[in-house]
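Dear colleague,

Please find below the structure that I am handing over to you. I would be grateful if you would look through it alongside the notes that come after it.

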Amino acid sequence: MTLHSPPVLPQPVFNANSTLFQNIGLLKVAETATRAHGDKVVIRVSDTRDLYLLSGSDSVNYWRGNQPQFQTDLGDIASNAKITRLLLGQELTETRWAEVWNVTVARLTSVTRQFDRWLDRALAQASAALVEDLPTDGRAVDLRDICRDWSIRAVCPAVFGTSLDTDEIAQGISDVEAFYFVMSTRDSAETADHSRLPEYLAARGFLDRIMTVALHNSQPEDETLIAQINAVIPGDVPLADRLNLLRPTVGRMITEKLNIGGLSLLWTLSHLARDPALVVDIQDELRGKDIYALADEDTPITFSTVREGLRLYPELPFIYRIASQDMTVGSLQVPARATVVFAPWLVQRDSKYWADPSSFDGRRFLGLDPGRDCYFPFGVGPHTRSRGRFILHQITIALRAICAQTRFALSPDCPRGNLHPLLRSALIPRGPVAVCFRPATDG
């Protein structure tokens, strides 16, 4: 008897190699491709590059169970981790700095609990300042500005101190984001010598500039990360080397803790501004409570609203990985070294897993455990779970502070088109998001 191998089915391919699809962006391309071919599809983005889109909760489950098969540092599209290493440098890993590395790690370990306390203090102060600075006479204010400033003030004082200018940091973070965007979207030939890119020079220059200012204004006893790490670097180390040694630690802490642009808060507020009944419900559960002392789950409507915002607007809409070997995911044959894309943006808006998925329902998560395979706004793995808890807490505190003291609505002059997200390195609004605030005591 002759045994026959099962026939190899043709791969579903969506051809996005056109000016039209390049202009509309990955959000719409991915949505269109999955509507045409299902959860698993090859997206042809150029004559030389395919993206293997693995949507659906089964793909996420496969990823969780086979993480070594999905690497981050191969292929033409650089991962965030690789871009971070290029930007921050790896001076501390050099043999000549082994002793400094050891004392740095020891100091980081010794101040971990204090640093968490400093971050809590910065978050409370930033959230209180956000509310104090709001015009509550009905004048429109752009959520992009207030959320951006809040995100910086909620983290940077614990890292650098309070002497830095918020607008300068905001511009610098924009430069960092531009470097990530260039490195993750251009071909490897264009980014081979990253140190010559103007985006790299701007981003690295910003980091070194703010560290220099922070060092100049800090004392060894200051309750800031940079002061504590700098205190264990030998005094005879020149400034240039000192910056190289500080940058990986300080820079990684910023990339791990900062909610870039406060975008997660912005998207949640933009929906609350259209749902006054939900704001009243949040205010009712906050009444008479210390909003800074409660656990996140102690205000369930607020916490559910935050989780709903991250469902519709995940911090990582698409997550790139590289296949380390040939594999089969569902019916899709994925070759080694192929670029694989997982899609929280699609899974978290899929009617197979969510009722009325395109609607914002702040009460959706009350008593609901959606499962990790259809709700993963920060990705998967222990590091992303830690960052997810941190960002959820940040937004919950800010939302409590705003709702406890104000009522708000979209300005009549705010174009609704501005509220449609645009994918850059994160999901951004297409224009100003104008909101009018009033005191919570107003009728």
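The notes below begin with the overall fold and then turn to two local sites.

Please bear in mind throughout that this is a predicted model.

Overall fold

The protein contains 17 helices together with 13 strands. Its radius of gyration is 23 Å, close to the 22 Å given by the globule rule for 443 residues, so the protein is as compact as a globular protein of that length. The C-alpha trace spans about 80 × 65 × 40 Å along the principal axes.

Of the 443 residues, 51% are buried. Among contacts with a separation of 6 or more, 73% are between residues 24 or more positions apart.

Surface and charge

The exposed area of the protein is about 20,400 Å², and 51% of it is supplied by carbon and sulfur atoms. As for charge, there are 46 positive and 52 negative side chains. The centres of these two sets lie 3 Å apart.

Aromatic pairs

Twelve aromatic pairs were found in a search of the whole structure. One of them joins F70 and F342 in an edge-to-face arrangement, with 5.2 Å from centre to centre and 75° between the planes. F70 belongs to strand β4 (residues 70-71) and F342 to strand β9 (residues 339-342), so this pair ties together parts that are 272 residues apart in sequence.

Both partners fall under the 20% relative accessible area that defines a buried residue: F70 has a relative accessibility of 4%, and F342 has a relative accessible area of 0%. These two residues also belong to one aromatic cluster, which they form with Y62 and W63.

The surroundings of A323

A second site that you may wish to view is A323, which lies in strand β6 (residues 319-323). With a relative accessibility of 1%, A323 counts as buried. Which residues does A323 touch, not counting residues up to four places away in sequence? They are Q69, V334, P335, A336, R337, A338 and V340. For A338, the C-alpha atom is 5.4 Å from that of A323, while the two residues are 15 apart in sequence.

In viewing the model, you could start from the edge-to-face pair of F70 and F342, continue to the other members of the cluster, Y62 and W63, and then go on to A323 in strand β6.

With kind regards

Notes:
Residues numbered from 1 in each chain as written. Predicted model: local features only at pLDDT ≥ 70, side-chain atom pairs only at ≥ 80, totals over all residues. Heavy atoms only, no water. Helix = DSSP H or I, 4+ residues; strand = E, 2+ residues; numbered from the N terminus. Rg over C-alpha atoms; globule rule 2.2 N^0.38 Å. Buried < 20%, exposed > 50% of the residue type's maximum accessible area, 1.4 Å probe, protein only. Contact = heavy atoms within 4.5 Å. Areas by Shrake-Rupley, 256 points an atom, 1.4 Å probe, with all protein chains shown as cover. Lys, Arg positive; Asp, Glu negative; His and termini not counted. Charge placed at Lys NZ, Arg CZ, Asp CG, Glu CD. Phe/Tyr/Trp six-rings, centres within 6.5 Å; stacked < 30°, edge-to-face > 60°.
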